[in-house]
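Trainee: Could you take me through one part of this model closely, namely its charged side chains and the pairing between them, and set that part in the context of the whole chain?

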Amino acid sequence: MARGRAPPTVSNHLRLLRHLDLVAGRRDGRSVVYELHDEHVTALLRQVLEHVHHGRRA
């Protein structure tokens, strides 16, 4: 679970990301394991993180 976030908040965020086809979930017993939908989403997330870090260095 995300640190500092209530389970319903995390669940709502994951539902939205699933609806937007940014993550895919699969059941593992009673849990659901989420992963980025594909390499395009991974590349996009990397660019966002680079941009955030670049802005903090300036």
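Mentor: What follows starts with the charged side chains and then moves out to the chain as a whole. Please keep in mind throughout that this is a predicted model. The protein carries 10 positive and 6 negative side chains, and the centres of these two sets lie 11 Å apart. Among these charges the structure holds 1 salt bridge, and that bridge is formed by the side chains of Arg46 and Glu39, with a distance of 3.6 Å from N to O. The pair counts as a salt bridge because the cut-off is a side-chain nitrogen of Lys or Arg within 4 Å of a carboxyl oxygen of Asp or Glu. As for its surroundings, Glu39 has a relative accessible area of 54%, and it is classed as exposed because that term applies over 50%.

Turning to the chain around this pair, the protein contains 2 helices and 2 strands, which follow one another from the N terminus in the order α-β-β-α. Of its 58 residues, 7% count as buried, and the protein exposes about 5,300 Å², of which carbon and sulfur atoms supply 54%. The radius of gyration is 14 Å, whereas a compact globule of 58 residues would have a value near 10 Å, and the C-alpha trace spans about 45 × 30 × 20 Å along its principal axes. Finally, if one takes the contacts between residues at least 6 apart in sequence, 0% of them join residues at least 24 apart.

Definitions and conventions:
Residues numbered from 1 in each chain as written. Predicted model: local features only at pLDDT ≥ 70, side-chain atom pairs only at ≥ 80, totals over all residues. Heavy atoms only, no water. Helix = DSSP H or I, 4+ residues; strand = E, 2+ residues; numbered from the N terminus. Rg over C-alpha atoms; globule rule 2.2 N^0.38 Å. Buried < 20%, exposed > 50% of the residue type's maximum accessible area, 1.4 Å probe, protein only. Contact = heavy atoms within 4.5 Å. Areas by Shrake-Rupley, 256 points an atom, 1.4 Å probe, with all protein chains shown as cover. Lys, Arg positive; Asp, Glu negative; His and termini not counted. Charge placed at Lys NZ, Arg CZ, Asp CG, Glu CD.
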